[in-house]
Amino acid sequence: MLSNFAVGAIGIAVMVGLIGLRFHIGLAMALVATVGITIIAGPRVTYTVLQVVPYEFANSWEFSAVPLFILMGTVAYRSGMTTSLFRAARLWLSWMPGGLAVAANFGCAGFSAAAGSSVVTAVSMGRIAVPEMLRFRYDPALATGVVAAAGTLGVMIPPSIPMILYGYFAEVSVAQLFIAGVLPGLLTAFVYTGVIVVRCWLNPDLAPPVPDDTDRREKWRALGETWPLPLIILVVIGTIYTGFASPTESAAFGAVAAVAIATFQGKMQWAVLRKSLLETIETSAAIFFVVIGAILLTRFMAFSDLPETIAQIVIEYGVDKITLILVTGLIFLVLGCFLDPIGLLLLALPVFLPIYIAADINLIWFGIIFIKYIEIGLITPPIGVNIFALKSILPNVPIQTIFRGVAWFFVAELFVLALLIGFPSISLFLPSLMR
Amino acid sequence: MLKTAINGIQFIAERFAALITVAACVALVVATLHIVADVFMSRFFRSPIIGTHDIVTTYYMVSLFFLPLAYAESRGAHIKADLFFTPLPFAVRWCVSMVTYLSLSGFLSVLTWQMTLRAIRQTNIGDMRLIGDFYLLLWPSRWLAVLGIAAFTIIAVIRTLSLLVPGGYDNLERRHDDA
Amino acid sequence: QAHEISYSSHLPPSVTANSQGIIPFFEAVAEEATSPVEIKYFWAGSLFNAAGNFEAVRDGTVDAAFTQPQSNQADMRVNAMFADLIHYGGNPYATAAAYTQTLLLDCPRCAEDYSRNGVRFMGAHSATPAALICNSAVTSIDDLRGRRLIGQPGYSRWAQALGATQLDVPPPQQMEAIQRGQGDCTFAAREWLTSFSLQDIAHTIVDVPVGAQFAISLMTFNEGSWNALPQDIRDAMIRNMPLAIARVIDASVKREEAAMETAVSSGVVVTDLGGTYGTAFAEFMEGQRARVLGDAERRGIDNAEEVIDTFVANVAHWNALIAEHGTENFAQLLWDEIYSQLDY
Ligand code: NA
Ligand code: NA
């Protein structure tokens, strides 16, 4: 008879194999979870879990923010607001080594302020920026790597769906988490810029220079066309911080603002609205299926003693706060290799949060570090959700190329992570102004 | 013969999936407007729309998450990864796809079955919630979820069958372009 | 081979009900029972949320869980009425005891909600009475007109009577909601001043009790799992239930006293609005019975008076008992009056 721990560990291994064989990620998780729970606890328990869990999650107010933020981002993308942002960034940054990649990087940062999810950010910017870079003969690994990596900013720069879920689990203020993510997000974008510039400066073949034939007036005009996105962000952040609306409600306001601005600009044709709605619905459904899988997997993990056993080991070895953060961080990085971000979040938080609370660790600060782990997990093999998402819109680029491209940014991420752990004020300075 | 039959069923099933997806789009729009209206009513007129949270989550969100699952599948939108897959020989890829769609159909059938049992039960007890003066029926929302999962199951079964038809594998591989 | 008992709660282990109730309870059971017992906890909704936990115990997915009838209103039609009776909650000792006695001994229809679902009610604690904690000056009852008052749905009609609106926000998010102006006041147990940081936003506390949440089940047990346990474990559980209830209430009351002391010393205004609030509430309560009965009818409950009368009589009974004996031996009182008479 296998121990529950062994069933849990084998289950994770099988799941990784199934995902590698191109099972739907949601299916791979759900299948392993269903079989695993049946082995550990019997079919009756599995049936209850299937009856209760997927419906219960669709039925939650916190998760309602997800489709609304996707709608806001999709309208912003479909009506050309994100394109104008990327265009301005491209025109202003073309003098720089790897200028288009830097532009894509900041385009992602800008888009992150509209989107609550990394996958949405990577996919949207991937559609705009990657073809541009390939057209100017940029190295495909660099072109895809930068978007896959900078797309992870979607969860660090507010709004952020994982932050909403973290706030829910850790019982901390989502508004404070949102504001805490701003500096770390910008810091990441600047470190990425450093990586791109240095790499392209050392090896110009990676990014051939782009002819700069636009005049100054054109550049200023391009900059002037970028206003809609900041305005939408103002609506979202503003309604939250003035207490006018909760995060879920602010998402609805953001969506309405995006539609209103696009209408004002004359870009809200019926076709745009129709495509935005269908795309939002399709993306929401795709995320939801993964979430069903992740939640079922979380229930499977709760039955197997895998997380408790790991937590036990951590408690035995981790004494002071920094050691605790580092040791658990290592676990999150390893788990992040295999789990999608929502899965990691749902799996790890119920187990580890009590330990952090016991150790009196600032949960806003840790929240930001945790979001960073999620960002890293999005680009690490074998399961890098952002990379899969990017791959899904770039059928001709081999997945290995994208993984190769993000390797440099992975190193940069570890550097930023060290800064965030070493200097808590990067995360806590802005929230401290709110009080 | 088999091919014509499968194509016919597929045509009908995909139309149906698209139809309930339109319902999901409507739910998304109505949810957005309902939430915004509630905030305005409660902020400016001090009279919130009673039951907004419950209606949004029980009806709009359940619709918009469950109903388009089938449509997303028929468009190949569910998230997948092909780490070791692409370099494999055709026969192996075919087999792996067969296993994938068989297990998808299997899992979804079990899920449909269980969610239907739950929906029947909640209908029989007349599942409801009383919020102050506001009486909200909950059980119909269970059937919305069943409808979405059942449609997803049917699409999965059709895709499994279509693998048996010559050229079916290539059709499956083709990711649909923008709507 | 140890008997494994699984317990699931949507609340984290840190809340009073768990840290002072459930965890020490199972420790004592494990120590006192001669058969070996092992407990597996599922905290903070890691398995199911509040509504799902009831279904999980019913299906035997877990052996025991924290449940609240409010989350499963159609399954718990009679018991859901007690959530409507929130204004009848007062002294937490008397309220908890009266509710527990009603369910375990005096109201077969209430118990049937549980037995029909193949589960049994083991006991309930009660929150301490709710005060109205506001973020700005409140000097008269008219100041509350037009305000947004946070509280459970049970408070919506009282808020309406005050000319205010009720708004449902989970306790952990209330401080922030009030800080950012989403709500102006909250109907909260005074213990929450510290446990949910309401201290940070409190300006005025209208300290007139208007009810307390008590319609919960600290432990709902699956019938099959219960019958499968050996007698010594069952004995230990029944013996320890009163102790757990007493410990949870004792801890809440103690926390409440400390929280009020801190609030007063930091300059929070504590007022009864010159008695006008209490008078208005008394007037409101005159019509409350009819409103609860009306809701009961919509829930499809016949002869609801009977249930309410039984509960109200038990509250009077326990208020008298506590007036006579105090609360030092509350667990013993619970044992003598309720648990010693159980046939299990
Ligand atoms: Na974002
Ligand atoms: Na990963």
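Where in chain C does C:S197 sit? Let's start there, since it gets us straight into the model, and this is a predicted model, by the way. C:S197 is in the loop between α8, residues 192–195, and β9, residues 204–206, of chain C. Its phi is near 55°, so to speak on the positive side, in a residue other than glycine. As for cover, C:S197 is partly exposed, with 30% relative accessible area.

Okay, let's stay with chain C and zoom out. DSSP-wise we've got 14 helices and eleven strands in there. The radius of gyration is 20 Å, and the globule rule for 344 residues also gives 20 Å, so chain C is as compact as a globular protein of that length. If you box up the C-alpha atoms along the principal axes, you get roughly 65 × 45 × 40 Å.

How much of chain C is buried? Of its 344 residues, 59% are. On contacts, take pairs at least 6 apart in sequence: 77% of those in chain C join residues at least 24 apart. The surface that chain C exposes is about 12,200 Å², and carbon and sulfur atoms supply 49% of that. For the charges, I get 21 positive and 42 negative side chains in chain C, with the centres of the two sets 6 Å apart.

One residue to click on in chain C is C:R120. You'll find C:R120 in strand β4, residues 119–121. Which residues does C:R120 touch, once you leave aside neighbours within four places in sequence? The list is C:Y114, C:M219, C:T220, C:F221, C:E223, C:W226 and C:Y344. And if you want a pair to put a distance label on, C:R120 and C:S14 are 106 residues apart in sequence, with their C-alpha atoms 25 Å apart in space.

Right, over to chain B. Here there are six helices and three strands. Reading from the N terminus, the order is α-α-α-β-α-β-β-α-α.

What about the radius of gyration of chain B? It comes out at 20 Å, whereas a compact globule of 179 residues would be near 16 Å. The C-alpha trace of chain B spans about 65 × 35 × 30 Å along its principal axes. Buried residues are 52% of the 179 in chain B. And for contacts in chain B with a separation of 6 or more, 75% come from residues 24 or more positions apart.

Now the surface of chain B. Accessible area is about 7,800 Å², and 72% of that belongs to carbon and sulfur atoms. Chain B carries 14 positive and 11 negative charges, and the mean positions of the two sets are 2 Å apart.

Which residues of chain B does UniProt list as "transmembrane region"? The record is an unreviewed entry, and it gives 16–37, 49–71, 91–113 and 134–158. I looked at two of those spans in the model. For residues 91–113 of chain B, the span is 100% helix and 0% strand, and the end C-alpha atoms lie 33 Å apart. For residues 134–158, the split is 80% helix and 16% strand, with the end C-alpha atoms 43 Å apart.

Last stop, chain A, and a few backbone details. What is the peptide bond from A:P158 to A:P159, cis or trans? It's cis, with omega near -5°. A:P159 is in the loop between α9, residues 153–156, and α10, residues 161–170.

Then there's A:R22, in strand β1, residues 21–24 of chain A. This residue is not a glycine, and its phi is positive, near 65°. Is A:R22 buried or exposed? The cut-off for buried is under 20% relative accessible area, and A:R22 is at 19%, so it counts as buried.

And finally A:L93, which is in helix α5, residues 81–93 of chain A. A:L93 is buried as well, at 16% relative accessible area. Leaving out neighbours within four places in sequence, A:L93 is in contact with A:G99, A:V102, A:A103 and A:F106. One of those, A:A103, is ten residues from A:L93 in sequence, and the C-alpha atoms of the two are 6.4 Å apart.

That's the tour, so over to you for questions.

Definitions and conventions. Residues numbered from 1 in each chain as written. Chains lettered and ligands numbered in written order. Predicted model: local features only at pLDDT ≥ 70, side-chain atom pairs only at ≥ 80, totals over all residues. Heavy atoms only, no water. Helix = DSSP H or I, 4+ residues; strand = E, 2+ residues; numbered from the N terminus. Rg over C-alpha atoms; globule rule 2.2 N^0.38 Å. Buried < 20%, exposed > 50% of the residue type's maximum accessible area, 1.4 Å probe, protein only. Contact = heavy atoms within 4.5 Å. Areas by Shrake-Rupley, 256 points an atom, 1.4 Å probe, with all protein chains shown as cover. Lys, Arg positive; Asp, Glu negative; His and termini not counted. Charge placed at Lys NZ, Arg CZ, Asp CG, Glu CD. UniProt positions renumbered as here; feature names shortened; annotations may be inferred.
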